[in-house]
Amino acid sequence: MSLLEKLLGRAGKGTLDPGAHHDPDPRRSAVLRQAAAVLLGYPDGQLLERLPVLRAALAEVGAADGVAELIDWFTARPLEQVQADYVQEFDLSRRHSLHLTYWTDGDTRRRGEALAAFKQVYRAHGAELDAAELPDYLPLVLEFTATVSPEDGWELLQRYRPSLELLRLSLRDDGLPHHRAVALVCSTLPGVSPEDREAVMRMAGYGPPTESVGLDPYDPRLLPLTERNQG
């Protein structure tokens, strides 16, 4: 039994059973995950300085073309405007939440159990968190997976694969090039990414979605809570 399964139990509806870890190209996966961690983070001067190195690393593994549009998004305008757009899209809107458990648990008390499990996974590897960020913050999970524990990090990503795919589709449908970075992450995981939200729901163990009058179609509450959260 894996550490995450000990902490949270077996995956229920809304999440996936990760299965056995297998990565045919761990170096490529590490590069893609580390690159995505940077590209999905808050844009500052340090991020811009890292872009040439990041582009070169992605080119070495044949993945630079996929994020060219996103790199242009960071560099084509003044940094202050890029930062304002990032805050609007990722901090002030729930449509593109970078917190994996928010897509499955929303702002419920049960979410605390999942966040505590993330923390314990990190601490089991001696990784201490910055108190300013929640442990399910995707760039943090990606950096942990790329640099600390590919196995346990992979399990976190795969267990919350429906959250990743919903984020990717939301970014894509809203015309934000950040969906390319999420697609890089998904490409390091088993299987093909779903084409639409209905396919994600089936992946997560649900049938066709029911109509939810009055809710934003991107509201993460539309992804039913996992079985452990019912009641």
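This is a guided tour of the structure, with a selection to make at each stop.

Begin with the whole chain in cartoon view, bearing in mind that the model is predicted. The secondary structure comes to 12 helices and 0 strands, so that colouring by element from the N terminus on gives the order α-α-α-α-α-α-α-α-α-α-α-α. If you then colour by accessibility, buried residues make up 48% of the 231 residues in the chain. A contact map adds a further view: among contacts between residues at least 6 apart in sequence, 70% join residues at least 24 apart.

Next, select helix H11, residues 179-187, and show its side chains. Buried here are His179, Ala181, Val182, Leu184, Val185 and Cys186. Add their surroundings to the selection, and you will find that these buried residues of H11 pack against H2, H3, helix H4 (68-75), H8, helix H9 (150-159) and helix H10 (161-173).

Three of those partners, H2, H3 and H8, lead on to the next stop, which is the largest pocket, with a volume of about 460 Å³. To centre the view on the pocket, select Ala37, Gly41, Tyr137, Pro139 and Glu143, which are the closest to its centre of the 18 residues that line it. The elements that give two or more residues to this lining are helix H2 (26-39), helix H3 (45-60) and helix H8 (138-147). Coloured by class, the lining shows 9 nonpolar, 3 polar and 6 charged residues.

Now turn to the aromatic rings, where the count comes to 5 aromatic pairs. Select Tyr42 and Tyr86 and look along one ring plane: the ring centres are 5.8 Å apart and the planes stand at 80°, and because an angle over 60 degrees counts as edge-to-face, the pair falls in that class. Tyr42 belongs to the loop between H2 and H3, whereas Tyr86 belongs to helix H5 (residues 79-91), so the pair ties together parts that are 44 residues apart in sequence. How do the two tyrosines, Tyr42 and Tyr86, count by relative accessibility? Tyr42, at 39% relative accessibility, counts as partly exposed, while Tyr86, at 2%, counts as buried. Add Phe90 to the selection, since Tyr42, Tyr86 and Phe90 form one aromatic cluster.

For the last stop, select Trp73 and Arg77, and display the distance from the charged end of Arg77 to the ring of Trp73. The charged end of the arginine sits over the tryptophan ring, 4.8 Å from the ring centre.

Notes:
Residues are numbered from 1 along each chain as its sequence is written. Side-chain values use heavy atoms; hydrogens and water are left out. On a 1 Å grid over the protein atoms alone, a cavity is a set of points where a 1.4 Å probe fits but cannot get out, and a pocket is an open set with protein on both sides within 12 Å along at least five of seven lines; lining residues have an atom within 4 Å of a point. Grid points are joined across faces, edges and corners, and a volume is the space filled by probe spheres set on the points. Helices (H or I, at least four residues) and strands (E, at least two) are DSSP runs, numbered from the N terminus. Ala, Val, Leu, Ile, Met, Phe, Trp, Tyr, Cys and Pro count as nonpolar, Asp, Glu, Lys and Arg as charged, and the others, Gly among them, as polar. Rings of Phe, Tyr and Trp (its six-membered ring) pair if their centres lie within 6.5 Å; planes under 30 degrees apart count as stacked, over 60 as edge-to-face and the rest as tilted. Buried means under 20% relative accessible area, exposed over 50%, partly exposed in between (1.4 Å probe, protein chains only). A charge sits over a ring if NZ of Lys or CZ of Arg is within 6 Å of the ring centre and within 35 degrees of the ring normal. Contact means heavy atoms within 4.5 Å.
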